[in-house]
Amino acid sequence: MKAGNSISVPMRCMALCLVSLMIAGIAYGDTAQTVQAGALPAKKTTPQQLYLTSQQAYDMVSASPEEGLFIDIRTRSEVTFVGMPEQVDFNIPFMFEGDWQEWDDEKETYKLAYNKDFIYSIRKAIEHKGSGKDKETRIILMCRSGKRSAQAARILHIAGYRNVYTVVDGFEGDKLKSGEKAGQRLVNGWKNNGLPWSYRLDREKLL
């Protein structure tokens, strides 16, 4: 074997690690621009193409808490029993639990009903906080793992809102795909990253 082609096993491992880190940086870097649509599943993509990891959302809101809105769009049950980020301005559910009677065979859970007043509540939140000019306001949406927030961003896009960010890993994060804890949301997310949250709810934040 020629000397130029000889690469030790440790060097190969190091090279592979560097490549992996570069790919991870593209998908989940330190700035909003580094979360690329191509690194996300289609269900988490939005027309605005403004994506944040939970850590990036925390950093952005902490840097300018008076600018824009940080909205938790999970259901009342989720924020009550799972907790809510302390930095959130309001909880505006994108969907409600309904009457707990309709079952979804595909998702193996009870069906949720869309909140018909969602856009109205967003507008009300902007007015309440006085954080910008209605549809130009920076809005950050967070759900459980990034799917519903993308759906909500699409609805807001249709309504004319263009500055809408989605938290791609959500509050609880993505599911492990293998191992003893496969199926549990332990991969990423606000809680798994150790960011501030609480079970205590502020009534004024529940619109």
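**Note on the sheet, the cavity and the largest pocket**

1. The chain contains an open sheet of five strands in the order 1-10-9-2-4, and the pairing is parallel. Strand 1 (51-52) and strand 4 (90-91) stand at the edges; each has a single partner strand, so one side of each lacks a neighbour in the sheet. The model is predicted, and the points below should be read with that in mind.

2. Strand 9 (residues 139-142) is covered on both faces. I139 and L141 are buried on one side, and I140 and M142 are buried on the other.

3. On one flank, strand 9 pairs with strand 2 (residues 69-72) in the parallel sense, over four bridges. Within this pairing F70 stands opposite I140 of strand 9.

4. Strand 9 also pairs with strand 10 (residues 164-167), again in the parallel sense, here over three bridges. Two positions can be used to check the register: I139 stands opposite V164 of strand 10, and I140 stands opposite Y165 of strand 10. I140 therefore has a cross-strand position in each pairing, with F70 in strand 2 and Y165 in strand 10.5. The connection from strand 9 to strand 10 involves helix 5 (residues 147-158), and the three elements make a right-handed β-α-β unit.

6. Helix 4 (residues 118-129) lies across strand 2, strand 4 and strand 9. Helix 4 runs at about 140 degrees to strand 2.

7. How many cavities of 30 Å³ or more are there? The count comes to one. About 30 Å³ of space lies in the largest cavity. Its lining consists of V61, P65, E67, G68, L69, F70, D89, K129, R138 and I140. F70 and I140, which stand opposite each other in the pairing of strand 2 with strand 9, are both among these lining residues.

8. The largest pocket has a volume of about 990 Å³. It is lined by 31 residues. Which of them lie nearest the centre of the pocket? These are K107, R144, K147, R148 and R185.

9. Helix 3 (76-82), strand 7 (109-110) and helix 5 each supply at least two residues of the lining of the largest pocket. Helix 5 gives the most, with three residues. Helix 5 is also the helix of the right-handed β-α-β unit with strand 9 and strand 10.

Conventions:
Residues numbered from 1 in each chain as written. Predicted model: local features only at pLDDT ≥ 70, side-chain atom pairs only at ≥ 80, totals over all residues. Heavy atoms only, no water. Buried < 20%, exposed > 50% of the residue type's maximum accessible area, 1.4 Å probe, protein only. Pairing = 2+ DSSP bridges. Right-handed = clockwise from strand over helix to strand, strands pointing away. Contact = heavy atoms within 4.5 Å. Axes fitted to C-alpha atoms, helices over the stretch in contact; angles between N-to-C directions. 1 Å grid on protein atoms, 1.4 Å probe; cavity = no way out; pocket = protein on both sides within 12 Å on 5 of 7 lines; lining within 4 Å. Points joined across faces, edges and corners; volume = space filled by probe spheres on them.
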